[in-house]
Amino acid sequence: MGSEGGPTRRDHHPLLLGGKKEKYSHGYSASQMKSLSAICATFIRPVSMSETAPHVAGEADPASKYLREFYEASGSDNGVPEESLPFLLWLCSVLTMESVKVAEIMVRRLPKEGVVLMWCLLWALSTKVGTLVLCGRESLSWRFPFVRSFPDMPVEARERVLQRWTKLHGPFFFLRMAFGSLKIFCSHTFCSQVDEDVKNRFWTTVGYDVPQDRGEPTRERPLDKGVVDTSAKDGSSLLQSLSNHGLRVAEDHRRNLYTIECDAVVVGSGCGGSIAAALLAKSGYKVVVMEKGGYFWGDDYSLLEGPSMEEMYQNGAKLATLDSKIMIMAGSTVGGGSAINWSASIKTPEPVRREWANDHGLALFGRQEYQEAMDVVWRRLGVVDKCLEEGLQNKVLRAGCEALGLDCESVPTNSSEAHYCGQCSYGCPTGDKKGADSTWLVDAVNCGAVILTRLKAENFILEERNEDGGRKKKRCVGVLARICDPRNSNSTRRVQIRAKLSVSAGGALLTPPLLISSGLKNPNIGRHLHLHPVLLGWGYFPESDSSFKGKAFEGGIITSIHKLLSEQKSPKIIIEAAALGPATYAALTPWVSAVDMKEKILRYSRTVHLFALARDVGSGEVKVEDRVTYKFDQVDKENLTNGLRTVLRILVAAGASEVGTLQSDGQRLKAKGIKKEDLDEFLDGVVARGGMASRSELWTMYCSAHQMGSCRMGVNEEEGAVDENGHSWEADGLFVCDGSLLPTAVGVNPMITIQSAAYCVSNRMIEYLNSKSESRAA
């Protein structure tokens with residue numbers, strides 16, 4: 001990293017570098033943008049040194065230099081110190097750019113109700129009457145006309161308004177929803193955006209850097225010979241490229257449509273789709289894999305938090321349940337979630353397998369076949385069961401468990417024992433992590449499979465069956481898709497892929513909407529969605545008063561685990577470490593005041609986050625893309641409460657000077673030398689609260705990185721969306737092969753479970769195609 005806290009450009013992919021955008025299309029008026037700018041400037045308002053905590057005002061280390069300049073420059077009434085001018089000019093440009101980027105994000109990433117809410121709110125705040133209604137007496141002035149619009153209010157008054165909004169519920173709960181969204185977007189944008197030199201001076205303040213020691217540049221891109229970027233080619237060149245890859249293709253100029261013929265089409269390239277492609281291609285079938293995201297590898301990865309999450313995550317990592325209760329992270333790139341996950345490679349717990357086999361009647365999970373599939377997956381991913389050195393967060397987890405007498409196990413990972421990288425969320429630049437993009441998809445391409453990127457499925461093509469007999473009334477003959485051009489959102493080019501077998505492997509969030517849009521009616525499609533909801537707790541370990549060395553973002557992300565088991569010995573809660581870049585950290589951190597927020601951000605690199613993850617009994621629905629609902633079961637709330645309390649006990653036992661939660665009031669406790677009875681009293685107030693839309697003054701944020709069960713297997717049509725082989729009950733030749741197949745939540749990181757189930761289902765697909773070939777031959 002350079003002295004200013006950013007990477008060099010090297011050979012990083014332009015889409016993963018961020019930087020300035022030339023054209024914006026948010027559609028807000030100048031007055032609405034003025035309101036938005038005022039809100040952004042309030043969340044991260046300038047504060048004087050006298051407002052800060054003594055430990056901040058007195059810091060003399062170089063890392064806080066820019067933050068002190070920020071305090072002094074904006075808090076002085078007697079002009080700006082000359083030495084602070086460069087930083088102030090940079091800050092002004094950042095704040096201006098920030099509000100524009102926040103506007104773009106809101107329009108692109110919020111659900112339609114949220115877009116309407118923000119439009120109305122910003123319009124109302126640009127008027128005096130609207131501000132009076134929404135802000136009350138804080139908008140009043142002694143000067144005519146005695147009422148001010150929000151942008152014209154003093155920043156201190158604006159701050160008091162936002163502090164009041166965070167507590168509102170009942171009829172004015174929509175203001176709290178708006179507060180939460182704006183706070184997340186403003187904080188994330190401010191801490192992640194980079195300038196044209198790919199730098200963010202704020203990172204130096206918080207002790208963050210982007211790793212640049214990657215060894216020799218990785219020139220070989222293992223999938224290049226099989227990847228076709230559909231958005232990067234015009235009509236004739238796309239036609240030629242597809243033909244060169246051995247595909248039969250025709251172009252219909254009038255309909256702007258390309259038609260491809262193959263044996264099998266796989267929609268999605270993640271944990272399930274990659275295995276389906278590999279096994280089908282190895283069996284001699286011509287396979288086409290569709291991926292709506294892009295292909296990145298090696299030096300493509302900038303490891304910049306903002307643009308990486310925007311490009312490689314579903315909905316730009318801005319996806320939440322419709323009530324904003326749970327923030328949802330899911331991969332959207334070649335390799336799917338395996339390209340950006342945290343490497344944990346845990347086999348399906350034996351009690352869970354027994355439950356699925358016995359209680360759900362799914363014999364697959366009780367057979368030796370499934371055990372052998374897990375072993376094959378482990379070997380292909382190169383899983384190791386330990387690491388040579390743990391990072392700060394996992395050291396804290398292990399030390400806290402040992403101090404409390406709790407078991408703490410090592411977590412197997414699909415990386416080498418020497419893996420010491422905390423940036424897996426933004427892609428693996430060294431190839432050390434063995435995701436689908438460096439394993440199963442390589443196998444598929446080496447056997448002749450073709451991967452079409454920037455191609456989004458719209459619906460499977462279903463035809464009425466003419467054969468006599470059989471319960472399935474329809475037959476799937478392929479998929480219709482649209483080319484997604486990141487430079488042109490209005491692209492109208494379509495691709496039709498005709499295939500003998502079609503596979504939906506877009507993940508538990510995208511497979512149900514795709515099946516429903518294709519005309520399937522099974523009532524289980526889109527239901528029973530499990531999210532492994534997570535609550536985070538944090539502990540601050542100042543470097544000057546701790547035996548732990550290093551920074552929170554360094555080292556393997558998940559290398560240790562503590563499990564709270566049920567009576568059946570299946571995990572009901574697991575506790576692991578979380579990877580939070582500075583922007584995600586700021587977005588999730590409760591905002592109680594501008595001063596408090598900046599003090600917390602200053603602590604970023606030494607704030608350890610551990611999470612409690614529930615094997616959820618409650619479930620949700622996803623029947624339309626990016627519209628997710630979810631309802632907790634009371635058991636989940638109780639388990640998460642116990643899990644979060646255990647997280648805090650672990651952090652205190654490890655020596656944290658202060659601990660806290662993500663509760664909206666900034667719930668925290670000075671922990672150094674605390675007495676047991678005082679800790680117990682604090683923990684009594686730690687509960688799994690509702691989300692922003694709840695009817696309580698206090699609320700919290702949940703997260704989810706695992707999605708399962710929304711097209712679950714079943715022994716019959718009443719129990720499942722598909723059969724035990726992943727085959728649709730309604731359409732012959734249509735299979736599901738991703739995390740949506742799982743009958744319930746797993747309770748641990750599900751990558752190995754998804755891949756093992758996909759391995760078994762893929763073998764059933766091969767048997768299906770083989771039987772069709774034999775029938776035609778006969």
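These are my notebook entries on a predicted protein model, going from the whole chain down to single residues.

**Entry 1: the whole protein**

I began with the overall counts. The protein holds 22 helices and 22 strands. It has 778 residues, and 60% of them are buried. I then looked at the contacts in the protein with a separation of 6 or more, and 75% of those come from residues 24 or more positions apart. For the surface, I noted an exposed area of about 29900 Å², with carbon and sulfur atoms supplying 51% of it.

**Entry 2: the nonpolar cores**

Which residues have the most contacts inside the largest nonpolar core? I found Met-106, Trp-165 and Ile-497 in that role, in a core of 179 residues. Helix α22, residues 751-777, gives the most to this core, with eleven residues. There is also a second, separate core of 47 residues, and Leu-397, Ile-575, Ala-614 and Val-686 are among its members.

I stayed with Trp-165 for a moment. Leaving aside residues up to four places away in sequence, Trp-165 touches Leu-121, Leu-125, Leu-134, Cys-135, Leu-175, Arg-176 and Phe-179.

**Entry 3: helix α8**

Next I checked the length of helix α8, which covers residues 173-192. With 20 residues at 1.5 Å a residue, α8 should span 28 Å, and its end C-alpha atoms are 29 Å apart, so the two values agree. Is this helix mostly covered or mostly open? I found it mostly covered, as 18 of its 20 residues are buried.

**Entry 4: strand β11 and its partners**

Strand β11 runs over residues 494-504, and eight of its eleven residues are buried. I followed its pairings one by one.

- Strand β3, residues 257-267, pairs with β11 in the parallel sense over ten bridges. Here Tyr-258 stands opposite Val-495 of β11.
- Strand β10, residues 474-483, runs antiparallel to β11 and is joined to it by five bridges. In this pairing I picked out Arg-482, whose bridge partner in β11 is Arg-494.
- Strand β22, residues 734-736, pairs with β11 in the parallel sense over three bridges. Leu-734 in β22 stands opposite Ser-502.

A reminder to myself while looking at strands: in a regular strand the side chains alternate between the two faces of the sheet.

**Entry 5: Ser-425, a loop residue**

I moved on to the loop between β7 (409-410) and α16 (440-446), where Ser-425 lies. Is Ser-425 buried or exposed? Its relative accessible area is 6%, and buried means under 20%, so Ser-425 counts as buried.

What does the side chain of Ser-425 join through a polar contact? The partner is the side chain of Trp-342, at 2.9 Å. Apart from residues up to four places away in sequence, Ser-425 touches Tyr-313, Ile-340, Trp-342, Ile-557 and Ala-579.

**Entry 6: Ala-449, another loop residue**

Ala-449 lies in the loop between α16 and β8 (450-453). With a relative accessible area of 3%, Ala-449 is buried. I looked up how far its C-alpha atom is from that of Lys-286: the two residues are 163 residues apart along the chain, yet these atoms are separated by 6.2 Å. Setting aside residues up to four places away in sequence, I listed Gly-226, Ala-281, Val-287 and Ala-444 as the residues that Ala-449 touches.

**Entry 7: backbone details**

Where is there a cis peptide bond? I found one joining Phe-144 and Pro-145, with omega at about 5°. Pro-145 is in the loop between α6 (128-135) and α7 (155-165).

Phe-146 sits in the loop between α6 and α7 as well. Phe-146 is not a glycine, but it has a positive phi of about 75°. At 43% relative accessibility, Phe-146 counts as partly exposed.

My last stop was Arg-454, in the loop between β8 and β9 (455-464). Arg-454 has a positive phi of about 60°, although it is not a glycine. Its relative accessible area of 9% makes Arg-454 a buried residue.

Definitions and conventions
Residues numbered from 1 in each chain as written. Predicted model: local features only at pLDDT ≥ 70, side-chain atom pairs only at ≥ 80, totals over all residues. Heavy atoms only, no water. Helix = DSSP H or I, 4+ residues; strand = E, 2+ residues; numbered from the N terminus. Buried < 20%, exposed > 50% of the residue type's maximum accessible area, 1.4 Å probe, protein only. Contact = heavy atoms within 4.5 Å. Areas by Shrake-Rupley, 256 points an atom, 1.4 Å probe, with all protein chains shown as cover. Core = buried A, V, L, I, M, F, W, Y, C linked by side-chain atoms within 4.5 Å. Polar contact = N/O pair within 3.5 Å; in protein donor to acceptor, adjacent residues only side chain to side chain. Pairing = 2+ DSSP bridges. Expected span 1.5 Å × (residues − 1).
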